[in-house]
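User: Hi! I'd like to walk through this structure with you, one question at a time. Could you show it to me before we begin?

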Amino acid sequence: MSLLLALLLMTGVTAVGGAASAAAARRPTQRAADLIDRIDDLLPQTQCRRCTFDGCRAYATALARGEADVNQCPPGGERTVAALAALLGRPARPVDPRFGVTPAQPLVAWIDEPACIGCTKCIQACPVDAIVGAPRYMHTVIAAECTGCELCIPSCPVDCIVLRPAPVDGRVQPSRGAPRVSMGAAG
Amino acid sequence: MTGARGFHGGLRLDSHNERSTATPIRSAQAPPQLVLPLDQHAGAPARPLVRPGERVLCGQPIAEPDGAISAWLHASASGAITAIEPRPAPHLLGAPTLSIVIDNDGRDEPFQSDCIRFEQLAPSALLAHLARGGVVGLGGAAFPLGAKLASAARAGAIALLLNGAECEPYITCDDMLMRERAQDVVLGARILLHASGAVSCTIAIEEETPHAEQALRAAIEAAHDERIVLATVPNIYPGGGERQLIASVFGREVPHSGLPADIGVLCHNVATAAAVAQWVRDGRPLTSRIVTVTGDGVHRACNLEVRIGAPIAALIAECGGYTPRVLRLIMGGSMMGPALPHDDLPVVKATNCIVAASALDLQPRGGETPCIRCGDCAEVCPAFLLPQQLHWFARSADAAALQAHGLLDCIECGCCDFVCPSQIPLVERFRESKPLLARAAEQRADAAANRARYQARNERLERLAAEQREALARRRRPQARAERETK
């Protein structure tokens with residue numbers, strides 16, 4: 001009798017435990033959210049969607065779920081692949097050319113302003129609010145805020161947007177005293 | 001006298017000091033033209049107060065600080081401003097920077113500045129007065145004195161440390177200053193104590209500098225100030241580095257990515273203290289400094305009192321000119337000093353030494369061979385780093401690993417270079433890698449800004465869509481009611 005009772009009790013406990021773990025799987029746990037944050041921090045945040053996901057956060061979510069590979073981010077390049085591979089414990093592979101090529105230097109969009117008709121389509125396409133303008137007025141790209149995602153280029157009906165190397169801003173200055181000639185004292 | 005506790009690593013080097021300490025400090029002749037770069041201090045360049053064609057007096061302010069970390073600049077001779085234009089500067093290794101050019105009329109008419117009895121001023125008023133003297137850190141970093149004192153006052157520094165430990169080979173300007181103007185150093189110490197609110201002052205000098213020690217001891221006795229004490233530190237390079245000196249004198253470490261003020265220490269060079277004394281007592285702003293001209297490449301090595309803005313070529317001429325053996329011109333000491341492309345560059349506030357080096361002064365350098373991982377570099381590193389590891393990460397341009405291994409704590413002293421049996425130019429590699437870390441940090445900041453704008457845009461679009469839906473629903477509701485009533 002007591003044996004039967006024990007058996008019954010055990011099956012009951014397993015059933016309850018199973019239900020609890022199923023609930024945990026359905027609800028994204030805190031740890032999963034942390035992982036998505038950590039992956040997202042490694043991505044360049046260009047929001048270019050070349051990885052086929054809707055922005056960097058969506059790609060990070062897919063990576064965390066194991067639904068995407070680490071080599072789908074062309075703007076991030078080899079460095080991002082290496083960082084993602086290290087974080088996720090997956091093998092690092094070169095960026096898949098099907099998703100695009102890594103630019104040799106940072107690029108930003110540039111509007112040929114005399115050709116712009118002021119249609120605002122590029123402003124609507126820009127994921128990071130880096131284009132300013134108003135209907136039937138000339139638009140322009142804020143170069144410092146442009147991520148070079150290229151999403152504005154197909155949206156332009158008059159093809160007046162091209163990618164250009166990013167301007168060198170005033171932030172990079174020669175540091176005091178560098179580069180110096182290394183030399184030791186004799187004796 | 002405080003006992004020396006020492007610091008990690010370092011090297012005992014041949015100081016080559018006797019060459020330039022045989023004769024007393026001489027005043028250099030005033031050159032016909034002076035070039036004063038506006039960015040010769042750390043921080044933002046100064047803003048000019050004069051125009052070309054204007055006549056200025058010796059000691060007249062010609063540029064004012066632009067921002068919190070910046071410094072005043074004064075004319076170092078009387079005469080006419082001939083131009084404000086880019087001129088080659090030594091601290092940029094010959095690259096041009098905006099400079100004020102003064103044609104010296106040779107009359108040296110002085111500008112009247114106030115002479116102050118510092119005891120009668122409140123510390124805050126004294127701080128403001130000190131900033132107007134154009135004094136910057138004369139040990140080499142050229143950090144504006146006013147900004148440093150202000151930050152130390154905020155942090156509540158309690159111990160003043162005057163750095164007279166000139167550890168780098170060849171440099172003797174501070175040694176000679178302490179020998180000949182010890183009373184200026186002590187007066188400067190008292191002024192800095194009053195201004196900063198510190199309760200004690202330690203003047204740290206190297207062992208084996210008996211003349212300077214004697215002179216300072218006499219000056220401290222004459223001043224009757226019990227707050228000022230003398231400490232000697234072993235003659236080990238780079239013992240005069242700020243962090244190393246604090247470790248030697250107080251036995252405490254300045255926290256990584258922190259400042260000496262974080263552990264209650266305010267550190268100044270002895271020459272800075274002497275310049276403070278001259279400004280407060282005599283009303284003479286920082287228009288000249290002592291420069292060591294030495295090396296096997298000049299005929300008569302010595303210490304010269306030079307006007308800021310005088311050409312380096314004039315200093316060399318003052319010392320009897322170059323010897324035929326000269327190979328290279330170095331600004332600073334032989335371990336950390338940069339090589340200058342030519343001598344048609346002005347002396348700036350940070351110029352403490354000019355070495356005209358011959359083959360005897362230069363360490364012969366063979367070809368680089370692979371690292372054998374002997375670990376000698378880690379033993380001599382005064383910043384507790386592992387240069388052999390940093391070397392690998394620098395080669396693979398691994399910003400994250402360089403950051404984690406503390407590349408930014410490297411003071412570029414060159415000890416690892418010096419001992420490396422494979423002759424690897426380690427410091428050069430580290431110096432080249434530092435901008436890499438800056439770029440990585442910049443990229444992270446850019447990515448964060450991009451994400452913030454992306455999220456803000458998404459939220460805005462959602463809000464607009466919701467508002468539109470609501471407006472549509474409001475318009476439809478009265479319509480539906482009207483339809484019901486007609487039925």
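**Strands, helices and unusual backbone angles**

Analyst: Happy to! This is a predicted model, and a good place to start is a pairing in chain B: strand 13 and strand 17 (residues 353-357) of chain B pair in the parallel sense over three bridges.

User: Which residue of strand 17 of chain B is the bridge partner of Thr294(B)?

Analyst: Strands of a sheet pair through backbone hydrogen bonds, either parallel or antiparallel. Strand 13 and strand 17 of chain B take the parallel option. In strand 17 of chain B, Thr294(B) has as its bridge partner Val355(B).

User: And strand 14 of chain B: which residue there stands opposite Thr292(B)?

Analyst: Strand 14 (residues 302-307) of chain B runs antiparallel to strand 13 of chain B, and six bridges join them. Within strand 14 of chain B, the residue opposite Thr292(B) is Asn303(B).

User: How many residues of strand 13 of chain B are buried?

Analyst: In a regular strand the side chains alternate between the two faces of the sheet. Here, one side of strand 13 of chain B carries Ser288(B), Ile290(B), Thr292(B) and Thr294(B), while the other carries Arg289(B), Val291(B) and Val293(B), and both sides are covered. Strand 13 (residues 288-294) of chain B is largely enclosed by the rest of the structure, because its buried residues number seven of the seven.

User: Let's move to the open sheet of four strands in chain B. Which strands stand at its edges?

Analyst: The order of this open sheet is 11-10-9-12 in chain B, with parallel pairing. A strand at the edge has a single partner strand, so one side of it is left without a neighbour in the sheet. In chain B, that describes strand 11 (228-233) and strand 12 (265-269).

User: By how many degrees are neighbouring strands of this sheet turned against each other on average?

Analyst: The sheet in question is the open one with the order 11-10-9-12 in chain B. With direction ignored, its neighbouring strands are turned against each other by an average of 25 degrees.

User: Which residue of strand 11 of chain B does Cys201(B) stand opposite?

Analyst: Strand 10 (residues 200-206) of chain B pairs with strand 11 of chain B in the parallel sense, over six bridges. Opposite Cys201(B), in strand 11 of chain B, is Ile228(B).

User: Which helix packs on the sheet?

Analyst: The helix touches strand 9 (159-164), strand 10, strand 11 and strand 12 of chain B. Its direction makes about 150 degrees with that of strand 9 of chain B. The helix is helix 4 (residues 182-196) of chain B.

User: Now for two helices: are helix 10 and helix 13 of chain B parallel or oblique to each other?

Analyst: Two packed helices are described by the angle between their axes and the distance between the axes. The axes of helix 10 (residues 387-395) and helix 13 (residues 426-486) of chain B come within 10 Å and cross at roughly 50 degrees. The crossing of helix 10 and helix 13 of chain B is left-handed. Given the angle, helix 10 and helix 13 of chain B are therefore oblique.

User: How do the residues of the contact of helix 10 with helix 13 of chain B divide into nonpolar, polar and charged?

Analyst: Helix 10 of chain B contributes Pro387(B), Leu390(B), His391(B) and Ala394(B), and helix 13 of chain B contributes Leu426(B), Arg429(B), Phe430(B) and Ser433(B). By class, the residues of this contact are five nonpolar, two polar and one charged.

User: On to backbone angles. Is Glu412(B) buried or exposed?

Analyst: Most residues other than glycine have a negative phi, and most peptide bonds are trans. Glu412(B) has a positive phi, near 60 degrees, and is found in the loop between helix 11 (399-404) and helix 12 (415-419) of chain B. Its relative accessible area is 11%, under the 20% cut-off, so Glu412(B) is buried.

User: What is the relative accessible area of Glu150(A)?

Analyst: Glu150(A) also has a positive phi, of about 75 degrees, although it is not a glycine. Glu150(A) is found in the loop between strand 3 (140-141) and helix 6 (152-155) of chain A. Glu150(A) is partly exposed, with a relative accessible area of 36%.

User: Last one: what is the omega of the peptide bond from Tyr237(B) to Pro238(B)?

Analyst: Pro238(B) is found in the loop between strand 11 and helix 6 (242-250) of chain B. The peptide bond from Tyr237(B) to Pro238(B) is cis, with omega near -5 degrees.

Note on methods:
Residues are numbered from 1 along each chain as its sequence is written. Chains are lettered from A and ligands numbered from 1 in the order in which they are written. This is a predicted model: local features need pLDDT of at least 70, side-chain atom pairs count only at pLDDT 80 or more; totals for chains, interfaces and linings use all residues. Side-chain values use heavy atoms; hydrogens and water are left out. Axes are lines fitted to C-alpha atoms, for helices over the stretch in contact, and angles run from 0 to 180 degrees between N-to-C directions. Angles under 35 degrees count as roughly parallel, over 145 as roughly antiparallel, 65 to 115 as roughly perpendicular and the rest as oblique. A crossing is left-handed if the near helix is turned anticlockwise from the far one by less than a right angle, and right-handed if clockwise. Contact means heavy atoms within 4.5 Å. Ala, Val, Leu, Ile, Met, Phe, Trp, Tyr, Cys and Pro count as nonpolar, Asp, Glu, Lys and Arg as charged, and the others, Gly among them, as polar. Buried means under 20% relative accessible area, exposed over 50%, partly exposed in between (1.4 Å probe, protein chains only). Two strands pair if DSSP finds at least two bridges between them.
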